[in-house]
Amino acid sequence: MVDSIVLTAKQNPYLLLSNIGQLLTLRGKSAPRRGSALKEIGLIEDAAVLCAGGRIAAVGEQREVLRDQWLKKNKRKVEEIDCKGRVVLPGLIDSHTHPAFVEPRLVDFEKRTSGATYEEIAAAGGGIRSSLSSVRKATRAHLADRVLAGFEGMLEQGTTTVEAKSGYGLTAKDETKSLQAIRDAAQRWPGTVVSTLLAAHVAPPEFAGKEDEYVELICREIIPQIAKQRLAGFVDVFCERGAFSLEQSEKIFAAARARGLGTRAHVCQFTASKLDRLLAHQPASLDHMDCVAAEDVSLLAQRETVATLLPGANYFLGHREFPDARRLIDSGVAVALATDYNPGTSPTPSMPFVISLACTHMKMSVAEAISASTINAACALRLETRKGSVEAGKDADLAVFDFKDYRELGYWVAWNRCERVIVGGQNEHPPRRPTTAGLQHGGTEKSELNS
Ligand SMILES: [Zn+2]
């Protein structure tokens, strides 16, 4: 994980956000919110937030915050941002992304738009594998530029913490390069990045028919190397028919835990999988969760493991069905939302768009979708003691949206209303444009089934 709260001598350590119309604090226990607690967003009207040294120092109604003795004496030292009645919430947390790719997958996209079925596209070959050759050929510096372009797109729309996976290299060398590129990009980006090794995205073509050998390579070589170089905090596995079996996933989880790494999985996206064996490894999060068996819903409700729902993939693949958030939430499962930003199935860096999808297609209230994109997403990354709410002592990561009512965050579609972000107590205004040109267009790829 790259922690970017390091203030340089030039930066002002004191920042006051005043005249906040609605402040969503998400205050409460630093633990996953479940059931009706998911709606509790800790709203304060006419609020102010004081940040000091990269952390939240005081939060509350403006008249209370302004009574702070230290603030009264040191007003001149403090930079003030007048929020003019706008909405302020914790910086959004995108807890599932795949930014280490080079090119968009336009050939598959055109096939889909001209009516090819899912199966026809699949039969043409490709999938995750179709991003391999460009990532393997790319230099670390070029890949880092592409990753940074993704991060900048996220920051523009209010995301200040992101989980970033490798998974398009699929050799020890190329997975290492991808994670180094993520680290390089993180050092040039103000937000916080949590890195995840996803060597178990799919078996690469050179291991066709020898998937167990590839799993051995991951467990014996790739995980130990990545752990030694401290390039990732988590290991992810795509546990799905056509990717990795439950047995293989368990082996990978065991290898990760033996090296002190956390675990998370892509699971139940297309087919239901029994979750008890994965849950035995205490994953921080199980992601997608489109088709979960009833007994697994009750099992999950008793665990700390978060279910991260990724409706951007359902949208982009044109699926009629979306993850059944209501069933999970009403059963007491801790639910988070994320973009799944990737070139095959969810090419969006926008958490507000995902929040909109959660409201319109998954029947989540805006308040629930915001909790799922802040405090619960922080839990999915095991960052809940530092991130996900606006409370004294937590990192001063905030997003200011240019509207008066927080429900507008789920209401406007494809209209970026993020006015500015505060990251580690520093004003990032205006939200920055990507520092490099748009994604390069390749057009040589065949197809994808998955991310
Ligand atoms: Zn994914």
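**View 1. The zinc ion sits in an irregular site, with angles of 84 to 171° among its four donor atoms.** Four donors would count as tetrahedral if all angles lay between 85 and 135 degrees, or as square planar if opposite donors were over 155 degrees apart and all others between 65 and 115; anything else is irregular. This is a predicted model, where local features need pLDDT of at least 70 and side-chain atom pairs pLDDT 80 or more, while totals for chains, interfaces and linings use all residues. Residues are numbered from 1 along each chain as its sequence is written, and side-chain values use heavy atoms, leaving out hydrogens and water.

**View 2. His96 (NE2), His98 (NE2), His266 (NE2) and Asp340 (OD) coordinate the zinc ion at 2.0 to 2.4 Å.** Donors here are N, O and S atoms within 2.8 Å of the metal (3.2 Å for Na, K and Ca); water is not among the atoms, so sites may look incomplete. Along the chain, the donors are spaced as H-x1-H-x167-H-x73-D. His266 belongs to strand 10 (residues 262-267) and Asp340 to the loop between strand 13 (335-337) and helix 14 (351-362), so this pair ties together parts 74 residues apart in sequence. Helices (H or I, at least four residues) and strands (E, at least two) are DSSP runs, numbered from the N terminus.

**View 3. Here are two zinc donors and their burial: His266 is buried, at 0% relative accessible area.** Asp340 is buried too, at 0% relative accessibility. Buried means under 20% relative accessible area, with exposed over 50% and partly exposed in between (1.4 Å probe, protein chains only).

Conventions: Tetrahedral: all angles 85-135°; square planar, octahedral: opposite > 155°, others 65-115°.
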